[in-house]
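Dear colleague,

Please find below the structure that I am handing over to you. My findings follow directly after it, arranged by topic.

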Amino acid sequence: MIESPIFTPCHIGPVELRNRTIRSAAFENMAYGNKPSEDLFNYHTAVARGGIGMTTLAYAAVSRSGLSFDGQLWMRPEIVPDLKKITDAIHKEGAKASIQLGHCGNMTHKATCHQTPVGASTGFNLYSPTWARGLRKDEIYALVEDFGKAVDLAREAGFDCVEIHAGHGYLISQFLSPYTNHRHDEFGGSLENRMRFMNLVITKVMEHAGNDIGVVVKTNMRDGFRRGLGIEDCLKVAKQLESLGVHALVLTEGFVSKAPMAVMRGAMPLKTLAYYMDMKKFWWLKLGLKLGGRIVIPTVPYKDAYFLEDAKYFRANLKLPLIYVGGMTSRENIEQVLDEGFTAVQIARALVHDTDFVKKIQEGTITKSACGHSNYCIARMYTLEMKCNKCVENMPEKLRKEVEEAEKRWEEQ
């Protein structure tokens, strides 16, 4: 076994992890009918068996209005027994279990959430595309209660941690960003006012988490475009989260409805994205991709540890534990990040490619993931279950060619 700081224990609030690796809350699209499935069970059990310190179930909506996909979890009492089966299996393999809780805000469609989409403000969201209406004050306070109830359900289901999604242009982020928040009441205007919804949610979450649930918040370091939040305002948000007593922050960037590849980096394989879309449900998106896909989803260059420089600035200005995410594909990268003072790292694509990635690094059989950075898994996950292109049989030739060209460009960098 390899000796490395990667494989030393760490704490997230009251929770001790066996090592400093966390499976990030990358969307699995395996919660068919908005409830746990055998695929979701098998995937996270495999990741736990593969040596991860903690694995995170992704994108669990705290209310039906917060659903953005048919394959996304929706927190409600009837799914708790099946969630408990997943957490029991994760614990049996020696890992801890976390669940990401959030609300998509305006990034949904009536066909998915069964109501007019809601957000911080009324407006048109090109991502869906659809009109969304601004939340009324009574609805805002009801959603705050939904976050608290979701934490209670997470505890009942056996989760050790919850991760609150406050980034990427989802609902909390929509309140924070001046790009999406045009309110004229106490929830809009100044940054202090725009943080009010976040403050209410996190205060409620901490109250319900008590002393036995770890609380992590995923928050932006930049929105990634000119009219969004910049690094200094994002640092103010992070300091506010620190003052609210959260146990750790996951530092990320990007705004899915405006700068999606700022989150994931690289190029979106547009042929793959369009191919898997349901023509009846998403015909307008398929047409948009053909007419101007590279304009709507521009390439953002990928490199390993791509958020590190910004994250180091946050590390220098915050005291609480910080979790790094973004381009963690090798033992060298992970050790570099830990040496910079980060408590743990989150990993996504390397674990899509191989659920045994962490174990193989610890055993010394590999030092780096063989992920080819084609982003096939990302293009596919909006319609089908998350899967690496190397695990797909009978892939159409045009998609295989697109993937091979993307992987070749990465190898030549």
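A search of the whole structure finds 0 disulfides. Please bear in mind throughout that this is a predicted model.

**Cysteines**

Why does Cys388 not form a bond with the closest cysteine sulfur? That sulfur belongs to Cys391 and lies 5.1 Å from the sulfur of Cys388, which is too far for a bond, because a disulfide requires the two sulfur atoms to be within 2.5 Å. Cys388 itself is buried, at 8% relative accessibility. Cys234 is buried as well, with a relative accessible area of 2%.

**Helix packing: α1 and α2**

Helix α1 covers residues 38–49 and helix α2 covers residues 80–92; their axes are 8 Å apart and the angle between them is about 20°. The pair is therefore roughly parallel, since angles under 35 degrees are counted in that class. The crossing of these two helices is right-handed. On the α1 side, the contact is made by Leu40, Phe41, His44, Thr45 and Ala48, and on the α2 side by Lys85, Ile86, Ala89 and Ile90. Sorted by class, the residues of this contact comprise 6 nonpolar, 2 polar and 1 charged.

Helix α2 also contains Thr87. Is Thr87 buried or exposed? Its relative accessibility is 0%, so Thr87 counts as buried. Setting aside residues up to four places away in sequence, Thr87 touches Ala97, Ala157, Gly158 and Phe159.

**Helix packing: α4, α7 and α8**

Helix α7 takes part in two of the packings that I wish to describe, one with α4 and one with α8.

Helix α4 (residues 137–156) packs against α7 at an angle of about 30°, and the axes are 9 Å apart. This angle makes α4 roughly parallel to α7. In passing α7, α4 makes a right-handed crossing. Which residues of the two helices meet? From α4 they are Ile140, Tyr141, Val144, Glu145, Phe147, Gly148, Lys149, Val151, Asp152 and Arg155. From α7 they are Phe197, Leu200, Val201, Lys204, Val205, His208 and Ala209. The contact of α4 with α7 divides into 10 nonpolar, 2 polar and 5 charged residues.

The second packing joins α7 (residues 196–209) to helix α8 (residues 231–243), with axes that come within 10 Å and cross at roughly 30°. These two helices are therefore also roughly parallel to each other, and α7 passes α8 in a right-handed crossing. Met198, Asn199 and Ile202 of α7 make the contact with Val237, Gln240 and Leu241 of α8. The residues here are 4 nonpolar and 2 polar, with no charged residues.

**Loop residues**

Two residues other than glycine have a positive phi, and each sits in a loop. For Asn29, phi is near 55°. Asn29 is located in the loop between β3 (21–23) and α1, and it counts as buried at 6% relative accessibility. For Ala305, phi is likewise near 55°. Ala305 belongs to the loop between α11 (279–296) and α12 (308–317); at 9% relative accessibility, Ala305 is buried.

Gly13 is placed in the loop between β1 (10–12) and β2 (15–17). With a relative accessible area of 35%, Gly13 is partly exposed, because the partly exposed class lies between 20% and 50%. The C-alpha atoms of Gly13 and Pro36 are separated by 27 Å, and the two residues are 23 apart along the chain.

**Val403 in helix α17**

Val403 is part of helix α17 (residues 397–412). Val403 has a relative accessible area of 4% and is therefore buried. With which residues is Val403 in contact, leaving aside its neighbours within four places in sequence? They are Ser374, Tyr376, Asn389 and Met395. Lys271 is 132 residues from Val403 along the chain, yet their C-alpha atoms are separated by 9.7 Å.

With kind regards

Technical notes: Residues numbered from 1 in each chain as written. Predicted model: local features only at pLDDT ≥ 70, side-chain atom pairs only at ≥ 80, totals over all residues. Heavy atoms only, no water. Buried < 20%, exposed > 50% of the residue type's maximum accessible area, 1.4 Å probe, protein only. Axes fitted to C-alpha atoms, helices over the stretch in contact; angles between N-to-C directions. Helix = DSSP H or I, 4+ residues; strand = E, 2+ residues; numbered from the N terminus. Parallel < 35°, antiparallel > 145°, perpendicular 65-115°, else oblique. Left-handed = near helix turned anticlockwise from the far one by under 90°. Contact = heavy atoms within 4.5 Å. Nonpolar A, V, L, I, M, F, W, Y, C, P; charged D, E, K, R; others polar.
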